[in-house]
Structures are given as C-alpha cells and as structure tokens.
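Subject: Handover of a protein structure

Dear colleague,

Please find below the structure that I am handing over to you. My findings follow after it, and I would ask you to read them with the structure open.

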Amino acid sequence: MPIATSHVGLVHDLGHGPFSHMFEHFVKWRGDCDEQAANAMEDGSERERALHRARQLQFWSHEDMSMQLLDLLIDSNGIPLEKYFAAGTGVTTDEHRVLVKELIRGLKPDEPWPLGTGRDPTKRFMFDIVSNSRNGLDVDKLDYLLRDSMACLGALALDSAYGCFRMIETACGW
C-alpha cells in the first residue's frame with residue numbers, strides 16, 4: 001500500500017467529533033439555527049458576522065477539520081516530515097502533505113486531478129481506498145461497519161469473507 005494511503009488511514013478521522021457523523025449533522029443544524037437568529041437581527045456588522053459564523057457551521061465537515069488538525073499537529077509540534085520520507089523519490093514533503101490532505105478530502109469522479117501532489121493521475125485509485133466517491137465502498141466504511149456492528153449487535157455484520165466479497169460485488173456492480 002502506498003505510504004500516503006497508509007498515512008491517510010491514520011489521520012483521516014481526526015476531525016470527527018463525538019458520536020462521529022451525528023456530530024456533523026448537529027453542527028450543520030446549529031448553523032441553520034444560527035442563520036435564522038442572524039436573519040432576525042437588524043442590518044449591520046454584527047448581523048454579518050453572525051451570518052458568516054452560521055455559514056461556516058453549515059458547511060463544516062469532518063474532512064475539512066481533519067485537514068486543519070493535521071496541519072496544526074505537524075506545524076505546532078515541529079514534525080520534520082523530511083525525516084520520514086525517502087530521499088530520491090522525486091516527491092517533496094510539501095507534495096506528500098498536499099496528497100495526504102487531498103486523499104482525506106476525497107475526489108469526485110468528475111473532478112480534475114489535484115495539483116501539487118507530486119503524483120500523476122494514474123494514482124487516482126488511491127482516492128478509492130479511503131474516500132471512495134465512485135461507489136461509496138472504502139476501507140473506512142468496512143471498518144466502521146465491522147466495528148459498529150460488533151459494538152451494537154455483539155456480532156460482526158460481515159462475518160465471513162463471503163460477506164465482504166458480496167458487499168464489494170454489489171458496490172462495484174459486478
């Protein structure tokens with residue numbers, strides 16, 4: 001597995017709040033409520049600031065938060081990324097960092113290949129591993145399906161290789 005994909009596997013969920021995706025829905029709902037309150041205010045700079053904060057909440061995503069937290073962790077801890085990547089690969093640490101963040105964000109099938117990653121579009125498959133927008137099946141979903149079914153049901157939802165293969169087969173339309 002490419003090293004960038006391994007890194008994304010470790011950091012892609014940094015931005016999740018408590019109760020995972022439910023937290024994201026709560027934040028967006030809070031933004032809607034704040035927008036209604038701001039719209040009831042009289043025109044002026046305070047109203048504009050309130051609307052701006054509300055819109056930030058409405059468009060908040062755990063992927064964006066994961067990217068921000070990754071930057072914060074690397075920068076505030078002075079992590080020397082160049083120590084962890086092989087010299088002579090033709091990819092700079094900045095390009096590697098851009099790719100990891102793009103992999104967290106995900107890439108829609110009709111989106112152009114992101115610039116500044118140090119890789120060419122033949123590496124597009126990397127996006128399907130962690131954040132698959134083509135058919136929705138990726139290792140993150142398989143992980144939480146297994147983990148959550150064990151926590152909620154006391155048994156694995158996909159308790160055999162056949163169950164995993166069937167899910168992959170269905171998602172890919174084979």
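In helix α2, the buried residues are Glu-24, Val-27, Gly-31 and Ala-38. These four cover an arc of only 60° around the axis, which puts them on the same side of α2. On the other side of this helix, Met-22, His-25 and Gln-36 are exposed. The buried residues of α2 pack against two helices, α3 (45-58) and α4 (62-76). As for its length, α2 runs over residues 21-39, and its 19 residues should span 27 Å at 1.5 Å a residue. The end C-alpha atoms are 27 Å apart, which agrees. Please keep in mind throughout that this is a predicted model.

The chain as a whole

The protein chain has eight helices and zero strands. Read along the sequence, the pattern is therefore simply α-α-α-α-α-α-α-α. Of the 174 residues in the chain, buried residues make up 30%. Among contacts between residues at least 6 apart in sequence, 54% join residues at least 24 apart.

Helix α7

A second helix to look at is α7, which has 15 residues (139-153). From its first C-alpha to its last it reaches 20 Å, close to the 21 Å expected at 1.5 Å a residue. The buried residues of α7 are Asp-140, Leu-142 and Ser-149. The helix is followed by Gly-154, whose phi is positive, near 75°.

The nonpolar core

Which residues touch the most other members of the largest nonpolar core? They are Val-8, Val-11, Leu-70, Val-100, Leu-103, Ile-104 and Phe-127, in a core of 16 residues. The elements that give two or more residues to this core are α1 (3-11), α4, α5 and α6. The largest share, four residues, comes from α5.

Thr-117

Where in the chain is Thr-117? Its place is in the loop between α5 (93-105) and α6 (125-130). Is Thr-117 buried or exposed? With a relative accessibility of 1%, Thr-117 counts as buried, because the limit for a buried residue is under 20%. Leaving aside residues up to four places away in sequence, Thr-117 touches Val-91, Glu-95, His-96, Val-98 and Leu-99. Its C-alpha is 8.5 Å from that of Val-100, and the two residues are 17 apart in sequence. In addition, the side chain of Thr-117 makes a polar contact with the side chain of Trp-113, at 3.4 Å.

Salt bridges

Side chains of opposite charge can pair when their charged atoms come close. In this model the count comes to 10 salt bridges. I describe some of them here.

Arg-97 forms a salt bridge with Asp-71, and the closest N and O atoms are 3.0 Å apart. Arg-97 lies in helix α5 and Asp-71 in helix α4, so the pair ties together parts that are 26 residues apart in sequence. Arg-97 is buried, with a relative accessible area of 18%.

Arg-105 and Glu-102 also meet in a salt bridge, at 2.7 Å from N to O. Both of these residues lie in helix α5, three residues apart, which is about one turn of the helix. Arg-105 is partly exposed, with a relative accessible area of 32%, whereas Glu-102 is buried, at 17%. Beyond this pair, salt bridges that share partners join Asp-71, Asp-75, Arg-97 and Lys-101 into one network.

Arg-47 forms a salt bridge with Asp-43, the closest N and O atoms being 3.4 Å apart. Are these two partners buried or exposed? Arg-47 is buried, with a relative accessible area of 15%, while Asp-43 is exposed, with a relative accessible area of 70%.

When you go through the structure yourself, I suggest starting with helix α5. This helix gives four residues to the largest nonpolar core, and it holds both Arg-105 and Glu-102. Arg-97, the partner of Asp-71, lies in α5 as well.

Yours sincerely,

A colleague

How values were computed. Residues are numbered from 1 along each chain as its sequence is written. This is a predicted model: local features need pLDDT of at least 70, side-chain atom pairs count only at pLDDT 80 or more; totals for chains, interfaces and linings use all residues. Side-chain values use heavy atoms; hydrogens and water are left out. The expected span of a helix is 1.5 Å times one less than its number of residues. Buried means under 20% relative accessible area, exposed over 50%, partly exposed in between (1.4 Å probe, protein chains only). The arc is that of the directions from the helix axis to the C-beta atoms. Contact means heavy atoms within 4.5 Å. A polar contact is a pair of N or O atoms within 3.5 Å; within protein, one must be able to donate a hydrogen and the other to accept it, and residues adjacent in sequence count only if both atoms are side-chain atoms. A salt bridge is a side-chain nitrogen of Lys or Arg within 4 Å of a carboxyl oxygen of Asp or Glu. A nonpolar core is a set of buried Ala, Val, Leu, Ile, Met, Phe, Trp, Tyr and Cys residues joined through side-chain atoms within 4.5 Å.
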